[in-house]
Amino acid sequence: MSESLEQHLHRLSTTETPLALPESNGRLRCVACGHRCILKDGMRGVCKVRWMEGGKLHVPWGYAAGIQNDPIEKKPYFHAFPGVKALSFGMLGCDFKCAYCQNWVTSQALRDPVAGVEPEEVTPDEIADIAIRAGSRVVVSTYNEPLITAEWAVDVFKAARARGLATGFVSNGNATPEVLDFLKPHCDIYKVDLKAFSQKNYRELGGRLDHVLETISSLVDRGFWVEIVTLLVPGWNDSDEELTGLTEFIASVSPLIPWHVTAYHPDYHMQDHVRTGPRHLVRAAEIAVKAGLRFIYPGNLPGQVGNWEDTRCHRCGETVIRRTGFRVLENRLGRGGECPGCREPVPGFWENGLVPVKPVSRAAA
């Protein structure tokens with residue numbers, strides 16, 4: 001293209017955002033993510049796609065770097081509209097710098113000269129109409145870090161909601177109270193990547209563990225449907241101690257939050273670890289059982305982890321959804337998530353709406 005990627009993104013932006021707070025000396029604080037960057041004219045945030053110019057915060061709007069229709073199980077969501085298609089859309093940029101990122105060509109744009117794809121100009125209504133034509137039931141903001149493009153996601157979600165579609169986020173969880181309050185009226189389901197349970201590891205990724213843990217608690221408290229995924233990297237985040245701490249934390253928020261533990265393969269700048277095998281995933285799942293979690297899903301290795309891919313009622317143990325990989329083989333739940341055996345509603349976001357988890361009281365925890 002004739003203009004540079006940075007020039008292109010400069011043109012595809014808006015200053016309509018509630019996620020900019022005034023600071024002293026004419027500066028602005030961006031509150032889209034946990035970095036809470038303080039900017040002056042000419043400065044970009046950590047994400048590189050939000051910047052201040054003319055006394056206003058410019059934020060991404062009006063394009064997509066990727067649009068794809070997939071099974072919702074691929075996001076992964078196992079307790080939200082099982083078996084339906086979800087239209088994924090994404091922009092460019094991220095506030096983290098994960099060495100193993102599988103979406104690095106979009107997430108690391110403007111940070112890595114090798115990354116970046118040409119943005120395709122599109123409107124929220126056009127994305128929502130694509131979802132309808134594709135037979136999607138849900139639209140999901142993903143691929144880049146959607147917190148740093150939250151204004152665009154909300155406008156797409158409004159268009160999708162007007163057409164009767166549900167909405168979701170796939171995020172690293174480095175959120176702020178302000179951005180969660182901004183999203184809540186428009187977003188139904190929210191997946192958090194809890195990448196590790198070590199501040200040292202999070203520092204390598206460019207984030208802070210405590211921010212992500214607070215986000216998870218805040219999401220549940222605000223009434224989002226939440227699922228959590230951890231990419232299991234042998235020799236990096238898979239020690240017994242780290243997995244025990246991670247799963248015990250999730251259980252301390254609610255033992256009914258689904259936890260997906262997925263297989264790593266060498267990618268981007270992390271090529272020096274072995275691939276995750278079935279035994280690694282099953283070991284992590286067994287640790288999660290001891291921590292008290294009830295919905296545990298080893299993933300990315302279809303058919304190699306026994307019946308761990310299935311959903312069983314947390315009350316009576318009956319199998320209510322059978323799966324192989326991203327394919328639902330049988331769904332026996334009622335429209336409101338009722339178990340066919342004991343009639344207990346299984347927590348999730350089903351056809352009749354949300355069956356929430358009950359957070360463990362902070363005093364009890």
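**Entry 1: ground rules**

Helices here are DSSP runs of H or I with at least four residues, strands are runs of E with at least two, and I number both from the N terminus. I'm working on a predicted model, where local features need pLDDT of at least 70, side-chain atom pairs count only at pLDDT 80 or more, and totals for chains, interfaces and linings use all residues. Residues are numbered from 1 along each chain as its sequence is written, and side-chain values use heavy atoms, with hydrogens and water left out.

**Entry 2: helix α7**

I started just past the end of α7, where G223 takes a positive phi of about 90°. Then I checked the span of α7 itself (residues 209–222). The expected span of a helix is 1.5 Å times one less than its number of residues. For the 14 residues of α7 that gives 20 Å, and the end C-alpha atoms are 20 Å apart, so the two agree.

Which residues of α7 are buried? I count a residue as buried under 20% relative accessible area, exposed over 50% and partly exposed in between, with a 1.4 Å probe and protein chains only. The buried ones are L209, V212, L213, T215, I216, S217, S218, L219 and V220. I then looked up what covers them, taking contact as heavy atoms within 4.5 Å. The cover includes α5 (177–183), β13 (189–193), α6 (199–205), β14 (225–232) and α8 (240–253).

**Entry 3: the open sheet**

Next I traced the sheet, calling two strands paired if DSSP finds at least two bridges between them. Eight strands make an open sheet with mixed pairing, in the order β8-β9-β11-β12-β13-β14-β15-β16. The edges are β8 (66–71) and β16 (296–299); each has a single partner strand, so one side of each has no neighbour in the sheet. For angles I use axes fitted as lines to C-alpha atoms, for helices over the stretch in contact, and N-to-C directions on a scale from 0 to 180 degrees. From one strand to the next, the twist averages 20°.

At the β8 edge, six bridges join β8 to β9 (residues 85–90), and the two run antiparallel. I picked out D70, whose bridge partner in β9 is A86. Helix α8 packs on the sheet and touches β14 and β15 (259–263), its direction making about 150° with that of β15.

**Entry 4: salt bridges**

How many salt bridges does the structure hold? With the cut-off at a side-chain nitrogen of Lys or Arg within 4 Å of a carboxyl oxygen of Asp or Glu, I get 17.

R36 pairs with E178, the closest N and O atoms being 3.0 Å apart. This one links distant parts of the chain, since R36 sits in the loop between β3 (28–30) and β4 (38–39) and E178 in α5, 142 residues apart. R36 is partly exposed at 27% relative accessibility, and E178 is partly exposed at 27%.

Back at α7, R222 meets D181 at 2.8 Å, N to O. R222 is in α7 and D181 in α5, so this pair ties together parts 41 residues apart in sequence. R222 comes out partly exposed at 26%, and D181 is partly exposed at 47%.

I also noted R332 with E318, at 2.8 Å, N to O. R332 lies in the loop between β19 (327–331) and β20 (348–350) and E318 in the loop between β17 (311–312) and β18 (319–324), so parts 14 residues apart in sequence are tied together. R332 is partly exposed at 33%, and E318 is partly exposed at 26%. Last one: D70, K74 and K75 are joined into one network by salt bridges that share partners.
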